[in-house]
Amino acid sequence: NQSETPRYRQLHLRRPYPPRQRRDLDHVQRRITHSSPRLAHRSPPRHRTPLGQRLPKRPFRLGQLRANLVASRPRRFRHQQFRIPPQRAEVNRSPINFPNMKSTFITSLLALLLCAQIANAQPSYEAAHPSLEVIDDPIQRRAQYMERVNEVIEWRADIVKNGLTEKMDLASVSANLRLGRNIDECSARVIEIMQTPGSGPFWMLPSVCAAFSGKELLSQEARNAIRETWRTAYQLRGDTENHFAMYYTMLYLMSEMYPNELGDTWYTGKSSDENLAESRDYLIDWMDLTTTIGQGEFNPTHYLGEYAIPMLYLVSWAEDPEMKMRGKMTLDWLFAGLAANTINGVLRGPNSRTDDSSVTERWNSLTSFFSWINFGNCPPTKGFSWGNYYGIVAENYEVPEVIYRIATDRDDSFEQRDLKRS
């Protein structure tokens, strides 16, 4: 007799419900156990039956199951998190006006989207294409230029406030310092960032931007943190023309900021004077080579920023008047090439370096940012990209009128012949 075997009695003693009910109970029990490990040892109540006797089949009653489960839990766990909602009784309700609800929902959704758009607004990117009219008045031209510069600084300063990121980066820190805002928060963020410094030109440039922007504003602890990273964090020079230009410009500026210091205070192992001399020699040689034979990375769709930003930092922060002037003259040279090789701000013609997106979308490259900020004849790129570091001190430079007119004042076609190297 199978019903008398120990295995049969064990199965039926441990399965008081038919399989379907048991699966439902197990599901609820897993939810309770997951929510409260203290209930892991508890199990649904069992129905005791005589040995060898089958349980009668009975219909599944969900309401009764709810009552049993709630009653089986200790009182301290009978709160909303673990409570299974009871079945709702039929009640008389007034009819719902679904068209009005739909209209209210859509209105609220549009309002939220509009507020989010205003908060994250980047006016020049989202507005219509700028006017191509040539501005003859230098005062008006300067005023419009400064409007574009201030837009870059304000937008980057508010990226956390506008919900675009959780924490400030060094561009946002520099923008806030430039505006004199959130000084304590900027100091704290600099200290946090300097705990895990990077290596190479693309870390050196943001670090220098923050150091000089906060020279008189950052706390002493934050300034010490920056200085310490230039002692302990080894910086790779890179392997391309733009890497070298950024690397030596940043090393030059920091060596001027901390003069007469010994080699054990620099990651290079060289003194401030040695770093300064090496950097200056390279930069002068590169500037002479660029303006005589030409650039290796000529007319790049993106890497124009990696040359223009270091030169602007020389104009803004170098103490040597000769290096200031060299920085300005190199900027004139770079932007003269940009002006001659663009049509309505978009780079055309041959170039030595590009990327996949700039090949298919010529307007969607960093050169468009520089056309926008210098000439005002095209929209900028979304988020301003690497140009945020240019905008911090862009007020210290403006293209000469002749370069402005090369970019904007054209009546006829022309042929240009460039001397480049690659």
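This passage describes the overall fold of a predicted model and then two of its helices.

The secondary structure of the protein consists of 18 helices and 2 strands. Of its 422 residues, 43% are buried. Among the contacts with a separation of 6 or more, 71% are made by residues 24 or more positions apart along the chain. The protein exposes a surface of about 23900 Å², and carbon and sulfur atoms supply 53% of that area. The structure holds 0 disulfides. Two cysteines may be described individually. Cys186 has a relative accessible area of 0%, and it is therefore buried, since the limit for a buried residue is under 20%. Cys378 is likewise classed as buried because its relative accessible area is 2%.

Helix α6 covers residues 138-157. This helix has 20 residues, and the distance from its first C-alpha to its last is 28 Å, close to the 28 Å expected at 1.5 Å a residue. At the start of α6, a side-chain oxygen of Asp137 lies within 3.1 Å of the backbone nitrogen of Ile139. The buried residues of α6 include the charged residues Arg141, Arg148, Glu151 and Arg156. Tyr145, Met146, Val149, Val152, Ile153, Trp155 and Ala157 are also buried in this helix. The elements against which the buried residues of α6 pack are α5 (123-126), α7, α16 (366-375), α17 (387-391) and α18 (401-408).

Helix α8 is formed by residues 183-194. Its 12 residues should span 16 Å at 1.5 Å a residue, because the expected span is 1.5 Å times one less than the number of residues. The end C-alpha atoms of α8 are 17 Å apart, which agrees with that expectation. Cys186, described above as buried, belongs to the buried set of α8, together with Ser187, Arg189, Val190, Ile191, Ile193 and Met194. The cover over these buried residues includes α7 (170-179), α9 (201-213) and α10 (220-232). Helix α7 thus appears in the surroundings of both helices, as it also packs against the buried residues of α6.

Glu192 is also located in helix α8. With a relative accessible area of 32%, Glu192 is partly exposed, because this value falls between the limits of 20% for buried and 50% for exposed residues. The C-alpha atom of Glu192 is separated by 9.0 Å from that of Ala222, although the two residues are 30 residues apart along the chain.

Notes. Residues are numbered from 1 along each chain as its sequence is written. This is a predicted model: local features need pLDDT of at least 70, side-chain atom pairs count only at pLDDT 80 or more; totals for chains, interfaces and linings use all residues. Side-chain values use heavy atoms; hydrogens and water are left out. Helices (H or I, at least four residues) and strands (E, at least two) are DSSP runs, numbered from the N terminus. Buried means under 20% relative accessible area, exposed over 50%, partly exposed in between (1.4 Å probe, protein chains only). Contact means heavy atoms within 4.5 Å. Accessible areas come from the Shrake-Rupley method with a 1.4 Å probe; for residues, only the protein chains shown count as cover. A disulfide is a pair of cysteine sulfur atoms within 2.5 Å. A polar contact is a pair of N or O atoms within 3.5 Å; within protein, one must be able to donate a hydrogen and the other to accept it, and residues adjacent in sequence count only if both atoms are side-chain atoms.
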